[in-house]
Amino acid sequence: MRANEGIGALLRDVGLRATRQRQDVLQVLRDNPNTPLSVDELVDELPRGFDRVTAYRIVNTLAEKGLVEKVNHLSNNLKVLLSPSLNKRHEHLITCRICGTSSTAKVCVEPKWQDKLSRLGFSNVSHNLSFTGVCEKHG
């Protein structure tokens with residue numbers, strides 16, 4: 001996949017300008033689809049000179065627009081992932097409580113949850129599940 005392919009269009013589709021910095025953040029997350037990254041880890045992957053404050057602002061804006069998902073990681077650090085809708089699949093992560101490594105967990109809640117919640121008067125419903133355990137290495 002060519003760098004930033006389609007990312008500009010994604011940003012414009014949600015009403016954002018396709019700035020180089022926003023595209024760079026989304027590209028790093030696209031390159032690490034199942035790896036939750038803290039803002040510090042994200043900045044480490046971004047071009048030199050990208051500061052944390054700008055990264056936080058971009059992450060918050062992208063989360064508000066549904067392009068990234070914020071997750072609470074075991075370390076109590078906020079981490080971000082590319083939105084599952086952009087990954088073209090719906091998956092959750094399981095994280096080792098000892099070493100913090102994450103793997104894709106191909107499990108989810110009951111398929112009819114969205115219908116049940118919409119009957120309560122909610123629309124555009126999403127969810128975020130956190131699974132934890134002890135990985136094989138530490139088990």
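Start by selecting Gly6, which counts as partly exposed at 41% relative accessibility and sits in the segment before α1. Keep in mind throughout the tour that the model is predicted. From Gly6, draw a distance to Gln23: the two residues are 17 residues apart in sequence, and their C-alpha atoms lie 9.5 Å apart in space.

A similar measurement can be drawn from Arg30, which belongs to helix α2 and, with a relative accessibility of 23%, is partly exposed. Its partner for this step is Ile7, from which Arg30 is separated by 23 residues in sequence and by 9.5 Å in space, C-alpha to C-alpha.

**The whole chain**

Now zoom out and colour by secondary structure, where the protein chain shows six helices and six strands. Followed along the sequence, these elements come in the pattern α-α-β-α-α-β-β-α-β-β-α-β. With a surface representation switched on, the protein chain exposes about 9,000 Å², of which carbon and sulfur atoms supply 47%. Of the 139 residues in the protein chain, 35% are buried. If you display contacts with a separation of 6 or more, residues 24 or more positions apart account for 47% of them.

**The nonpolar core**

Next select Leu11, Val25, Leu26, Leu29, Leu42 and Leu62, which are the residues with the most contacts inside the largest nonpolar core, a set of 21 residues. At least two residues of this core come from each of α1 (7-13), α2 (20-31), α3 (39-45), α4 (52-64) and β3 (78-82).

Which residues are in contact with Val25, leaving aside its neighbours within four places in sequence? Centre the view on Val25 and show its surroundings: the residues to look for are Leu42, Leu46, Phe50, Ile58 and Leu62.

Leu42 also serves as a reference point for the next selection, Lys79, since the C-alpha atoms of these two residues are separated by 9.1 Å although they are 37 residues apart along the chain. Lys79 is found in strand β3 and is buried, its relative accessible area being 9%.

**The salt bridges**

Side chains of opposite charge can pair when their charged atoms come close. The structure holds two salt bridges, and each can be visited in turn.

Begin with Arg20 and Asp24, which form a salt bridge whose closest N and O atoms are 3.7 Å apart. Because Arg20 and Asp24 are four residues apart in helix α2, about one helical turn separates them. The two ends of the pair are differently placed with respect to the surface, for Arg20 is exposed at 52% relative accessibility, whereas Asp24 is buried at 14%.

Then move to Arg52 and Asp40, where the closest N and O atoms of the salt bridge are 2.7 Å apart. Arg52 lies in helix α4 and Asp40 in helix α3, so this pair ties together parts that are twelve residues apart in sequence. Here Arg52 is partly exposed, with a relative accessibility of 43%, and Asp40 is likewise partly exposed, with a relative accessible area of 39%.

**The cysteines**

Select the cysteine sulfur atoms next. How many disulfides does a search of the whole structure find? The search finds zero disulfides. For Cys99, the nearest cysteine sulfur is that of Cys96, 3.7 Å away, and Cys99 is in no disulfide; a disulfide requires a pair of cysteine sulfur atoms within 2.5 Å. Cys135 is also in no disulfide, and its nearest cysteine sulfur, again that of Cys96, is 3.6 Å away. Cys99 counts as partly exposed, its relative accessibility being 35%.

**A nonpolar surface patch**

For the last stop, return to the surface representation and select Leu117, Leu120 and Phe122, which together make a nonpolar surface patch of about 320 Å². Within this selection, Leu120 lies in the loop between α6 (113-118) and β6 (130-133). Is Leu120 buried or exposed? Leu120 is exposed, because its relative accessible area is 62%, and exposed means over 50%.

Notes
Residues numbered from 1 in each chain as written. Predicted model: local features only at pLDDT ≥ 70, side-chain atom pairs only at ≥ 80, totals over all residues. Heavy atoms only, no water. Core = buried A, V, L, I, M, F, W, Y, C linked by side-chain atoms within 4.5 Å. Buried < 20%, exposed > 50% of the residue type's maximum accessible area, 1.4 Å probe, protein only. Contact = heavy atoms within 4.5 Å. Patch = residues over 30% accessible without salt bridge, like charges linked within 9 Å, V, L, I, M, F, W, Y side chains within 5 Å. Areas by Shrake-Rupley, 256 points an atom, 1.4 Å probe, with all protein chains shown as cover. Salt bridge = Lys/Arg side-chain N within 4 Å of Asp/Glu carboxyl O.
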